[in-house]
Each structure stands twice: as C-alpha cells, then as structure tokens.
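Visitor: I've got a few "how do you know" questions about a structure. Can we look at it together?
Guide: Sure, here it comes.

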Amino acid sequence: MQEGIRIRGLSKRFGDQQVLDRVDLDIARGEQRVILGRSGQGKSVLLKLIVGLLRADAGSILVDGEEVTRLGKQGLYRLRQRFSMVFQGGALFDSLTVCENVGLGLREHTRWSDAEIDARAERALEMVDLAGAGAKMPAELSGGMRKRASLARAIVTEPDYLLYDEPTTGLDPITSDAINQLIQRLDEELGVTSIVVTHDMASAFLVGERFALLNNGHFVFDGDAEEARTQTDGAIGQFVAGRSEGPLDSL
Ligand SMILES: Nc1ncnc2c1ncn2[C@@H]1O[C@H](COP(=O)(O)OP(=O)(O)OP(=O)(O)O)[C@@H](O)[C@H]1O
Ligand SMILES: [Mg+2]
C-alpha cells in the first residue's frame with residue numbers, strides 16, 4: 001500500500017468557475033505540507049475534496065492507497081476518523097462548552113464514558129496551553145484561544161492527518177507565532193502528516209517542509225523551503241515577496 005496522499009488530475013468547478021483544473025499533488029506520510037495561494041484560489045475547496053466533504057468532478061485522490069473519490073458513506077465515515085480539520089474560523093459550537101466542543105469527535109466515534117472523554121479533552125486542552133479553560137463557553141474566548149480550542153478538538157481523536165485551514169489568519173503577530181509554534185510542536189509530538197493552508201509566508205516558512213502554490217486552477221510551484229525562498233521570479237517569487245502588483249499569472 002502506498003502511504004500518504006496522491007492527487008492526480010483533480011478538477012472541481014462551481015457553475016462556470018473552474019476552481020481546480022486537473023491538479024496533481026503528492027503529500028508524503030509525515031510531511032508538513034503548506035498550500036499557498038491568494039484568496040479564492042481553491043485552497044479550502046482542495047481540503048474539503050481530500051476529506052470527501054466535497055465531490056470531485058474528475059480525477060483521483062488516493063489516501064494511503066484508498067480512492068477517496070469513490071468512497072460511499074461508510075467509507076467516508078471511516079476515512080474521516082483518520083483526519084482532523086481545523087476549519088477557517090474555528091467552527092466551535094457556541095452552545096457547547098470548550099470541553100464539550102473538544103470531546104465532540106470522541107462522543108461521535110467512540111463508546112468511551114463521559115468521564116474518559118472529558119479526561120482526554122482536558123489533556124488535549126493542556127497540549128494547546130488551555131488547561132482549565134474547558135468549562136468556558138466559546139464566546140468567552142479570545143480569537144487566539146478559539147483557534148487553540150479548535151486545535152485541541154482536532155488532535156483529541158489522534159488523527160493520522162491534520163488539515164489546517166488558515167490557522168493564523170486574523171490573529172496578531174505574537175498570537176500567530178504562538179499558534180505556529182504549537183502546530184510545529186503538535187506535528188513533532190504526534191507524528192502526524194499535516195497540510196497547512198495559509199497566505200502568511202512567515203507562518204508558512206515556520207511550519208512547512210514542502211510548499212505548493214495554487215493559482216488559476218493549477219499548482220504553479222511545488223518545492224521545498226529553499227526553492228521557495230530562492231526562486232525569485234514567477235508566481236512563487238511574487239507570492240513570497242508579497243508583491244501585489246497585478247495578478248499572479250506570470251506562469
Ligand atoms: N460550495 C460552494 N459553492 C459555490 N462556490 C464555491 C463553493 N465553495 C467554494 N466556492 C468558490 O470556489 C472558489 C474557491 O474557494 P475557496 O474557499 O477554496 O478559496 P480559498 O483559496 O480557500 O480562499 P481564502 O483564502 O479566501 O479562504 C471561490 O471563488 C468560491 O466562491
Ligand atoms: Mg479558504
């Protein structure tokens with residue numbers, strides 16, 4: 001069985017908008033992969049396709065040798081137990097406490113007792129430096145704390161794959177830095193394969209090993225940190241330098 005994620009010829013359109021146009025991407029097991037791209041280029045769509053929350057129009061997504069695009073309801077249910085996604089915006093349930101939010105996946109997927117689930121949720125909260133915040137409601141948390149709570153919810157199920165959608169967007173630089181260090185630490189301690197979607201280059205270089213840049217429906221760059229830093233021309237150079245003149249369509 002081939003481990004990791006192998007995407008070939010993946011296409012997705014909404015109406016007359018071709019968001020992904022036959023894209024290829026490999027993510028090796030244990031890799032920290034960063035997906036870059038401007039707003040609206042299909043980064044969130046790609047993550048949702050990988051976990052089967054959206055259906056592809058064409059192409060293949062192999063996860064550890066299993067074809068995601070052909071999975072039925074049962075198969076998708078099993079697949080999602082190996083994945084956790086930290087959604088853009090956190091997606092905590094406002095009517096549940098932080099601890100209940102974190103334990104949600106375990107309540108759905110295990111038969112463990114409430115006490116066991118609460119204990120594991122508390123441990124996950126400790127890992128993200130939110131020890132003791134379990135009884136709070138999400139509305140009582142700052143933006144950075146909400147992100148950390150959603151990280152705790154993602155790791156509590158001990159997934160093989162962690163998908164982060166813009167984990168630092170909307171946070172101040174110091175909180176962003178803390179979240180990035182946390183992501184790095186979690187990746188190291190848990191040995192997961194992670195995909196981090198971001199348009200923040202400082203974050204990208206801190207947490208990423210390999211980088212792919214999505215633009216106009218295609219990956220226009222795929223390489224390591226060294227290549228991303230040194231390639232000064234083309235879309236990746238423009239993206240890394242943060243130059244905003246004109247669209248990223250020079251490749
Ligand atoms: N369910 C949907 N129905 C219709 N259009 C959609 C849907 N989901 C995404 N889109 C469109 O697909 C395009 C890509 O969206 P996506 O959310 O993947 O962008 P993104 O790269 O994640 O952007 P951002 O950095 O702003 O989060 C957008 O134009 C969006 O409007
Ligand atoms: Mg997005």
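Visitor: What makes Thr 198 and Phe 239 contacts of Leu 36?
Guide: Two residues are in contact if their C-beta atoms, placed from the backbone, lie within 7 Å. Leaving aside neighbours within four places in sequence, Leu 36 has such contacts with Thr 198, His 199, Ala 204, Phe 211, Ala 212, Leu 213, Leu 214 and Phe 239. Mind you, this is a predicted model, where local features need pLDDT of at least 70, side-chain atom pairs count only at pLDDT 80 or more, and totals for chains, interfaces and linings use all residues. Residues are numbered from 1 along each chain as its sequence is written, while chains are lettered from A and ligands numbered from 1 in the order in which they are written.

Visitor: Why is β8 called mostly covered?
Guide: A residue is buried if 20 or more other C-beta atoms lie within 10 Å of its own, exposed if 12 or fewer, and partly exposed in between, with C-beta atoms placed from the backbone. In strand β8 (residues 193-197), a DSSP run of E with at least two residues, 5 of 5 residues are buried, so "mostly covered" fits. Thr 193, Ile 195 and Val 197 point one way, Ser 194 and Val 196 the other.

Visitor: How do you know that β3 and β7 pair with β8?
Guide: Strands pair if DSSP finds at least two bridges between them. Strand β3 (residues 32-36) has 4 bridges to β8 and strand β7 (residues 161-165) has 5, so both qualify. Both pairings are parallel.
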